[in-house]
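Here's a quick tour of the fold you're about to load. Have a look at it first, then work through the notes underneath.

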Amino acid sequence: MATLACRVQFLDDTDPFNSTNFPEPSRPPLFTFREDLALGTQLAGVHRLLRAPHKLDDCTLQLSHNGAYLDLEATLAEQRDELEGFQDDTGRGRKNSIILRTQLSVRVHACIGEWRLKQAWLMPVLREHA
């Protein structure tokens with residue numbers, strides 16, 4: 001049974017209009033992934049370890065070194081190409097991590113919902129002044 005022990009962090013992007021670009025915690029814990037299990041089955045363990053503010057169903061995993069999103073339905077062994085260079089020394093004391101964050105589709109839907117809300121609020125105002 002092959003494993004990958006690496007640092008894990010989360011990016012609090014639950015609100016796409018008020019998010020940070022800095023992964024937390026600043027001193028990331030280690031999580032040991034099994035390379036033979038689908039990442040989706042291991043996601044709850046990462047979420048629990050980090051005490052992330054995200055809804056579990058909205059989460060995905062992203063690699064810090066190249067920005068690639070990992071396929072939650074696949075194993076790490078099946079995604080070797082994306083992991084290339086992940087464990088290399090980055091220099092300057094920085095180490096790579098796997099980042100738990102909100103799925104892109106969820107963030108896009110939140111933006112669209114916010115736009116519709118603002119549009120619904122603005123339309124009566126524009127009609128008054130027309």
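Start with the strand pairing: β3 and β4 run antiparallel to each other, joined by five bridges. Keep in mind that this is a predicted model. Overall, the protein has three helices and four strands, and reading from the N terminus the order is β-β-α-β-α-β-α.

**How the strands pair**

- Between β3 and β4, one of the bridges puts Gln62 opposite Ile99 in β4.
- β1 (residues 3–10) pairs with β2 (residues 30–34) in the antiparallel sense, and there are five bridges between them.
- Thr3 has Arg34 as its bridge partner in β2.
- β1 also pairs with β4 (residues 97–102), this time in the parallel sense and over four bridges.
- In that parallel pairing, Gln9 sits opposite Ile99 of β4, and Ile99 is also the bridge partner of Gln62.

**β3, the enclosed strand**

- How many of the five residues of β3 are buried? Five of the five are, so the strand (residues 59–63) is largely enclosed by the rest of the structure.
- In a regular strand, side chains alternate between the two faces of the sheet.
- In β3, Cys59, Leu61 and Leu63 point one way, Thr60 and Gln62 point the other way, and all of them are buried.
- Cys59 comes in at a relative accessible area of 1%, so it counts as buried, the cut-off being under 20%.
- Just before the strand, Asp58 belongs to the loop between α1 (39–50) and β3.
- Asp58 is partly exposed, because its 22% relative accessibility falls between the 20% and 50% cut-offs.
- Asp58 and Arg101 are 43 residues apart in sequence, yet their C-alphas are 8.2 Å apart.

**Gln9 and its surroundings**

- Is Gln9 in β1 buried or exposed? It counts as buried, because its relative accessibility is 8%.
- The Gln9 side chain makes a polar contact of 2.8 Å with the side chain of Ser97.
- Leaving out residues up to four places away in sequence, Gln9 touches a list that includes Pro23, Glu24, Pro25, Pro28 and Leu50.
- Ser97, Ile98, Ile99 and Leu100 are also among the residues that Gln9 touches.

**Backbone oddities**

- Most residues other than glycine have a negative phi, and most peptide bonds are trans.
- The peptide bond from Glu24 to Pro25 is cis, with omega near -10 degrees.
- Pro25 belongs to the loop between β1 and β2, and both Glu24 and Pro25 are among the residues touched by Gln9.
- Arg51 isn't a glycine, but it has a positive phi of about 55 degrees.
- You'll find Arg51 in the loop between α1 and β3, and it counts as exposed because its relative accessibility is 75%.

**Aromatics and cysteines**

- A pair of aromatic rings is described by the distance of the centres and the angle of the planes.
- Searching the whole structure turns up one aromatic pair.
- That pair is Phe31 with Phe33, edge-to-face, at 4.7 Å centre to centre and with 65 degrees between the planes.
- Both rings belong to buried residues: Phe31 has a relative accessible area of 15%, and Phe33 is at 0% relative accessibility.
- As for cysteines, Cys6 is buried with a relative accessible area of 5%, and Cys59 is buried too, at 1%.
- The disulfide count is zero.

**An exposed loop residue**

- Glu73 is in the loop between β3 and α2 (80–83).
- With a relative accessible area of 73%, Glu73 is exposed.
- Glu73 and Gly40 are 33 residues apart in sequence, and the C-alpha to C-alpha distance is 5.9 Å.

**Whole-protein numbers**

- Of the 130 residues in the protein, 32% are buried.
- Take the contacts between residues at least 6 apart in sequence: 63% of them join residues at least 24 apart.
- The protein exposes about 8600 Å², and carbon and sulfur atoms supply 51% of that area.

Terms used. Residues are numbered from 1 along each chain as its sequence is written. This is a predicted model: local features need pLDDT of at least 70, side-chain atom pairs count only at pLDDT 80 or more; totals for chains, interfaces and linings use all residues. Side-chain values use heavy atoms; hydrogens and water are left out. Two strands pair if DSSP finds at least two bridges between them. Helices (H or I, at least four residues) and strands (E, at least two) are DSSP runs, numbered from the N terminus. Buried means under 20% relative accessible area, exposed over 50%, partly exposed in between (1.4 Å probe, protein chains only). Contact means heavy atoms within 4.5 Å. Accessible areas come from the Shrake-Rupley method with a 1.4 Å probe; for residues, only the protein chains shown count as cover. A disulfide is a pair of cysteine sulfur atoms within 2.5 Å. Rings of Phe, Tyr and Trp (its six-membered ring) pair if their centres lie within 6.5 Å; planes under 30 degrees apart count as stacked, over 60 as edge-to-face and the rest as tilted. A polar contact is a pair of N or O atoms within 3.5 Å; within protein, one must be able to donate a hydrogen and the other to accept it, and residues adjacent in sequence count only if both atoms are side-chain atoms.
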